[in-house]
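Biologist: I would like a close look at a single part of this model. Please take one strand and follow its partners through the fold.

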Amino acid sequence: MQQLWLLKLTWNEILPSELPQQWEAFIDTLQYLEAISVRRCVLLTSVKSIIVQGFADASSNSYGAVVYIQAVSKTGDTRSQLLCSKSRVAPLKIMTIPRLKLAACLLLVKLTNKVLAAPKERVDSLKLWTDSSIALSWINTSPHLLKTFVANRVSQIQQLLKDFQWRHIS
């Protein structure tokens, strides 16, 4: 999609030869979606604790966030599973990877807030992860010390998750 936007083609123009090939390769992979199975029930019957873990990452083309839930039963059984995810195409205006990773962190925080508002059970632990030490440094900095783009996102993150500390994936 990003490549199409950059070309600024009208709806009836012929695509450059490499784009239809990429599209056909994508279409061919859709058959594998049938093999994906997702349980609708994510919690065990007698839950002792619930841990929510989220991961944010970005590349030059896109960024995204994923949230997993881990439920531990009173008998010690543990079930971990994907709960939800969200992705975005990177803006056409070129952004640095650290800024895209910060955008992914904000996306994760927004997604996590929706998750935390949904369950009837209490969440015992929340862990958010990123591999960006720069984004983590920004998140732990007062927004007034940062440039506008970064400050706006950091401010939103800090407001949405006031009492939480991010973790770094090494």
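Modeller: What follows is a walk along strand E1, from its pairing to its side chains. Keep in mind that the model is predicted.

Start with the backbone. E1 covers residues 47–58. Strand E2 covers 62–73. The two strands run antiparallel, joined by 11 bridges. A hairpin of three residues connects E1 to E2. At one point of this pairing, Val47 stands opposite Ser73 in E2. E1 also pairs with E4, here in the parallel sense, over six bridges. In that pairing Gln53 stands opposite Lys127 of E4.

Next, burial. E1 is mostly covered, with nine of its 12 residues buried. The strand also feeds the largest nonpolar core, which has 32 residues. Elements giving two or more residues to this core include E1, E2, E4 and helix H3 (97–117). Helices H4 (133–139) and H5 (148–160) are also on that list. H3 supplies the largest share, 11 residues. Tyr63, Leu102 and Ile157 have the most contacts inside the core. Tyr63 links back to our strand. Beyond its neighbours within four places in sequence, Tyr63 is in contact with residues including Asp57 and Ala58. Its other contacts include Leu100, Ala103, Ala104 and Leu107.

Now the aromatic side chains. In a regular strand, side chains alternate between the two faces of the sheet. The whole structure holds three aromatic pairs. One of them is Phe55 with Tyr68, an edge-to-face pair with 6.0 Å between centres and 80 degrees between planes. Phe55 belongs to E1 and Tyr68 to E2, so this pair ties together parts 13 residues apart in sequence. Both rings are partly exposed: Phe55 has a relative accessible area of 29%, and Tyr68 has 36%. Phe55 has a further partner in Trp129. Their ring centres are 6.4 Å apart and their planes meet at 15 degrees, so this pair is stacked. Trp129 lies in E4, so the pair ties E1 to a part of the chain 74 residues away in sequence. Together, Phe55, Tyr68 and Trp129 make one aromatic cluster.

Then the charges. Side chains of opposite charge can pair when their charged atoms come close. Three salt bridges are found in the structure. One starts from E1: Asp57 meets Lys101, with N to O at 2.6 Å. This pair joins distant parts of the chain, E1 and H3, 44 residues apart. The two ends are covered differently. Asp57 is partly exposed, at 39% relative accessible area. Lys101 counts as buried, at 11%. Buried here means under 20%.

Lys101 also has a second acidic partner. Asp131 forms a salt bridge with Lys101, the closest N and O atoms being 2.7 Å apart. Asp131 sits in the loop between E4 and H4, 30 residues from Lys101 along the chain. Asp131 is partly exposed, with a relative accessible area of 36%. Another salt bridge joins Asp124 and Arg122, with N to O at 2.7 Å. Asp124 is partly exposed at 36%, whereas Arg122 is exposed at 56%. Shared partners join Asp57, Lys101 and Asp131 into one network.

To pull the strand together: E1 pairs with E2 over 11 bridges and with E4 over six. Phe55 brings E1 into the aromatic cluster. Asp57 brings E1 into the salt-bridge network.

How values were computed:
Residues are numbered from 1 along each chain as its sequence is written. This is a predicted model: local features need pLDDT of at least 70, side-chain atom pairs count only at pLDDT 80 or more; totals for chains, interfaces and linings use all residues. Side-chain values use heavy atoms; hydrogens and water are left out. A nonpolar core is a set of buried Ala, Val, Leu, Ile, Met, Phe, Trp, Tyr and Cys residues joined through side-chain atoms within 4.5 Å. Buried means under 20% relative accessible area, exposed over 50%, partly exposed in between (1.4 Å probe, protein chains only). Helices (H or I, at least four residues) and strands (E, at least two) are DSSP runs, numbered from the N terminus. Contact means heavy atoms within 4.5 Å. Rings of Phe, Tyr and Trp (its six-membered ring) pair if their centres lie within 6.5 Å; planes under 30 degrees apart count as stacked, over 60 as edge-to-face and the rest as tilted. Two strands pair if DSSP finds at least two bridges between them. A salt bridge is a side-chain nitrogen of Lys or Arg within 4 Å of a carboxyl oxygen of Asp or Glu.
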